[in-house]
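Open the model in your viewer and keep the selection box handy. We'll go from the whole chain down to single residues, one stop at a time.

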Amino acid sequence: MPASDIVETSADASGLEKPPLLILERIEAFLDRHGLGAGAVRAQRIGEGGGSNFTFLLERDEVRYVLRRPPRPPLPPSAHDVVREARLQLALRAAGFVRLPTIVAVCEDESLLGVPFYVMEELDGHVPTDELPPGVAGEEARRALGLDLVDALVEIHAADVSTPELAAFARPGSYNERQVRRFTQLWELNRTRDLRQVEEVGATLAAAIPEPLPPTVVHGDYRLGNTMVTRDRPRILAVLDWEMGAIGDPRADVGYLLATYSEPGGPPNPLGTSPVTALPGFPSRAELVEWYATASGRAVEPLAWFEALALWKAAVFCEAIYGRYVRGELGAEDERAARFEEGVPYLADAAAAALAAP
């Protein structure tokens, strides 16, 4: 593919061509300015689509990098802020959490691609979604990986949020209340139809907001599928996808982990994420909670509220992706977003069930 060609293009519902996601000659010039390799750039899209941020593998000569950028505009307010995402990771690394990709350049100049982006070093690992790497083949290894997933979360929550770099992300007031308020507002922006159950869950959450724990870094989308695992042993190499990261209540991450975790012998989780955790050997949900509480020294209840919050937020977020799909703003490769027609009400129902659980 010539350097002047676009990596990806598609037509919207009117038949007009959409802006490219990458323009290779501009990426090549950007990498040159930052001393990141030499020669022509080759690129391919990696990771999952569906309307969230996009990642591309960049190759030139003997070096490989990963570029992360938002979807095409227009974007919902405060969503897909990849510059903030990069800065949070840099601040967290400075505070001592090292299970992260190494970010080598951040571009805030939207004239290059129409949106900001950042570039990080490629990591040699495996992102576990439907399969596990060879080093996690047996039940003992799977259990070790499940517990290390919790250990990595404990490490994130142990970072000192009073450091100047992380303190810049703190906001006054209750994180829990702010999450409910923000996603209630986002629902009004994202909705494509009337779904009473989404509104009812939001109202129930707002009426029973827990008192906060001392604040920590919160990942906001913490699950096995948002990590990279070493290929030869059961260890979390890096935690990825920090778009929802903030300073807040650590139980939000624990509740989200439970909401997206399918335990061995149990039903699939409502989001259908990280199905490999249903394989024999992985810890149960109760074991994850016990391991976290012991390792962190924190009380974690009421976890049902935080699990419901996670599922409800997912419903609101997925409705935004579904809206982009029905408006023709996503490419043909992202037609999986059509599943959110039924998936959003299903998530809202799951959130209501979590709140009603004894």
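Start with the whole chain on screen. A compact globule of 358 residues would have a radius of gyration near 21 Å, and the protein chain comes out at 20 Å, so the two agree. (That radius is taken over C-alpha atoms, and the globule rule is 2.2 Å times the number of residues to the power 0.38.) Along the principal axes, the C-alpha atoms fill a box of roughly 60 × 45 × 40 Å.

Two notes before you click further. This is a predicted model, where local features need pLDDT of at least 70 and side-chain atom pairs count only at pLDDT 80 or more, while totals for chains, interfaces and linings use all residues. Residues are numbered from 1 along each chain as its sequence is written, and side-chain values use heavy atoms, with hydrogens and water left out.

Now switch to cartoon view. You should find ten helices and nine strands; these are DSSP runs numbered from the N terminus, with helices being H or I of at least four residues and strands E of at least two. How much of the chain is buried? Buried residues make up 51% of the 358, where buried means under 20% relative accessible area, exposed over 50%, and partly exposed in between (1.4 Å probe, protein chains only). Among contacts between residues at least 6 apart in sequence, 68% join residues at least 24 apart; a contact means heavy atoms within 4.5 Å.

**Stop 1: the five-stranded sheet**

Select 42-46 and 103-107. These are β1 and β4, the edge strands of an open sheet; each has a single partner strand, so one side of each is left without a neighbour in the sheet. The full order is β1-β2-β3-β5-β4, with antiparallel pairing (two strands pair if DSSP finds at least two bridges between them). From one strand to the next, the twist averages 25°.

Next, pick β2, residues 54-60, which runs antiparallel to β1 and is joined to it by five bridges. Look for R42 opposite E59, then for R45, whose bridge partner is F56. On to β3: seven bridges link β2 with this strand, again antiparallel, and F54 has R69 as its bridge partner there.

Is β2 covered on both faces or open on one? Both faces are covered: F54, F56, L58 and R60 on one side, and T55, L57 and E59 on the other, are all buried.

**Stop 2: the helices on the sheet**

Select 24-33 to light up α1. This helix packs on the sheet, touching β1, β2, β3 (63-69), β4 and β5 (117-121), and its direction makes about 70° with that of β2. Then add 82-94, helix α2, which lies across β3, β4 and β5 and runs at about 150° to β4. Both angles are between N-to-C directions, on a scale from 0 to 180 degrees, using lines fitted to C-alpha atoms, for helices over the stretch in contact.

**Stop 3: the cores**

In soluble globular proteins, nonpolar side chains tend to be buried together. Show side chains for L92, L145, V217, Y222, L224, I236 and W242: of the 38 residues in the largest nonpolar core, these touch the most other members. (A nonpolar core is a set of buried Ala, Val, Leu, Ile, Met, Phe, Trp, Tyr and Cys residues joined through side-chain atoms within 4.5 Å.) Which helix gives this core its largest share? That's α3, with eight residues.

Another core lies apart from this one, with 36 residues, among them L186, F306, C318 and L347. C318 is buried, at a relative accessible area of 6%. C107 counts as buried too, at 5%. Don't hunt for disulfides, since the structure holds zero (a disulfide would be a pair of cysteine sulfur atoms within 2.5 Å).

**Stop 4: backbone oddities**

Most residues other than glycine have a negative phi, and most peptide bonds are trans. Zoom in on D61, in the loop between β2 and β3: its phi is positive, about 50°, although it is not a glycine. D61 counts as exposed, at 51% relative accessibility.

Jump to D241, in the loop between β8 and β9 (246-248), where phi is near 60°. Finish at P302, found in the loop between α8 and α9 (303-326). The peptide bond leading into P302 from E301 is cis, with omega near 5°.
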